[in-house]
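Here's a quick tour of a protein model, starting with the whole fold and then zooming in on one residue. Have the structure open as you read.

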Amino acid sequence: MTSTTLSHQDSLAFLRHLQDWMDYLCRLLDRCDDSQERIKYQRQLRWLLGFFEGTNLSIKHNLLINKLYLGETAIDDSAKITPLEPIQACYQQRGHAFELIEKARSAETLFLIQGPPGTGKTTAICELVLQTLKANPQARILIASETHVAVDNALDRICAEVDPELVQRIYRHSAYAEGSQLQSPQAASTELLEKANDVWTKAYLAAPELTEALWQRFANDNGRPPNWLAKNLADDQQLVGVTCNQIEHLIDGLSKPYDLAIVDECSKATLPEWLMAVSVAAKAVLVGDHKQLPPTFCQAESDALAELTKQQETLIRDGVIDRLFEHAPQSMKGTLTTQYRMQPNIGQFISEAFYQGQLHHGRSQSVRPEHNFGWLGYPRQALCPEPQLPQEQRVLHNPQEVAVIEQALAQLAKVSQQPRSVAVITPYRAQARALRKMVSQLDCGALAIEVDTVDAFQGRQADVVFFSFVRNNGSAQFYGDSRRINVALSRAKDHVYLVGDQNYLRQQRRYPVLQQLLKLPVWS
């Protein structure tokens, strides 16, 4: 399809989609009483309106994204690819991943990197940043994501690769997430509080009386640095890491533009979220995987979506990212194809089920494949949810599966002499609560066990994964979504143990991935 064959109505499809989003956000504001949530939706509406009106930094982004959304084919955003010298040791042999980074560096306005599970997205982001700074030592770079963990991982990796002088020009707004396991000892110095303390200390040493007066005038009662200081710090830094929804905290009419914005986990971000990052940079690189889970919506957001037409709701839920990856020419996109996380037999299932068999494996098989990926079988004793209960009382909690996992964890704890990370994940929050309670009462030994929903665990990994399907009655639509199964299985490095009612799953023939899983071995 080309621009000459598009009808006038079709040519306005992306603009209508932006209007649908603005309509949706207005509906959310009408029904929202929470002050913090209202601020978030108002912020998203402002940035979306700005992009709609073309007041963002580069109008090229508006034109290019519009063309990709419409599926136009006459698009070329690439310059001549310039060969680069690898900076990180893992790229010294060059190969496909490094060629992808060379393509991304050559793109002038927009580039898309698909990163299937375990394929080294964070490493690629780090190399792209290092190559950008090598080509332009004064470049300003923004790293943003819908999740704190993605921003933390990227900045942590970069801090480990650069010299201390550059670390002083890296800023994490406002702090690394609690629980982030930082590998670089330099990373903590990039947080807002550390940066602010350094500013006040230098000022006090130079002019103590004036600094004391300024502190009394501007310091917040809560002890946190004031917003104006955060903006000034961001303007003075060369590399800034922030979640998408916090970008406005660092931007005003006098802010310096960014040469490059990298949006990680873009498939998990809503359209207004990733557009915030794109809007403040001359060039954007979107990194994500549209074969994993799309953005999640809370109950209030889902209720507002229900007021729209079905077509509008589908477009908003699925987002624009799928279309960009699908329609972008090869010069503007690429896929990381070697996974380093999973045992090859697990990785091969992921590759064939979700990526047309295109993934390669950077690990060797170190555990017996008939023992590390399969089912913990059990005879069903009750239906879940119970069909005789009223709809509002049907809780998706399966005590049988909790008991099966408890027994398996106890056995694993007995035989594990070395520390091992274990993820116990499930599609449903009620089951996650029951599993957390069980784990809290378990002697875990050397096991470090995390319990969460599949959606919440995206972006993380563990040595061992237990997946509780829970439901054995009614529709399997929620966990039958191939993207959710992809995320659930691909969190594992070495072992995946599936816990579910196989007789029920055999009846769910409309979900091919469930039928593929039933071919795996069963252990009683």
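What follows covers the overall build, then a single serine and its surroundings.

Keep in mind that this is a predicted model. The protein's secondary structure adds up to 24 helices and 15 strands. Its radius of gyration is 24 Å, which agrees with the value near 24 Å that a compact globule of 524 residues would have. Measure the C-alpha trace along its principal axes and you get spans of about 70 × 60 × 55 Å.

As for inside and outside, 53% of the 524 residues count as buried. The protein exposes about 24,400 Å², with carbon and sulfur atoms supplying 49% of that. On the charge side, there are 53 positive and 59 negative side chains, and the centres of the two sets sit 5 Å apart. Looking at contacts between residues at least 6 apart in sequence, 74% of them join residues at least 24 apart.

Now for the close-up. Ser 421 belongs to strand 11, which covers residues 420-426. Is Ser 421 buried or partly exposed? Its relative accessible area is 25%, so it counts as partly exposed. Leaving out residues up to four places away in sequence, Ser 421 touches Ala 448, Ala 462, Asp 463 and Val 464. Asp 463 is 42 residues away along the chain, and two distances describe how this pair is placed:

| Atom at Ser 421 | Atom at Asp 463 | Distance |
|---|---|---|
| C-alpha of Ser 421 | C-alpha of Asp 463 | 5.1 Å |
| Side-chain polar atom of Ser 421 | Backbone nitrogen of Asp 463 | 2.8 Å |

Notes. Residues are numbered from 1 along each chain as its sequence is written. This is a predicted model: local features need pLDDT of at least 70, side-chain atom pairs count only at pLDDT 80 or more; totals for chains, interfaces and linings use all residues. Side-chain values use heavy atoms; hydrogens and water are left out. Helices (H or I, at least four residues) and strands (E, at least two) are DSSP runs, numbered from the N terminus. The radius of gyration is taken over C-alpha atoms; the globule rule is 2.2 Å times the number of residues to the power 0.38. Buried means under 20% relative accessible area, exposed over 50%, partly exposed in between (1.4 Å probe, protein chains only). Contact means heavy atoms within 4.5 Å. Accessible areas come from the Shrake-Rupley method with a 1.4 Å probe; for residues, only the protein chains shown count as cover. Lys and Arg count as positive and Asp and Glu as negative; His and the chain ends are not counted. The place of a charge is taken as NZ of Lys, CZ of Arg, CG of Asp or CD of Glu. A polar contact is a pair of N or O atoms within 3.5 Å; within protein, one must be able to donate a hydrogen and the other to accept it, and residues adjacent in sequence count only if both atoms are side-chain atoms.
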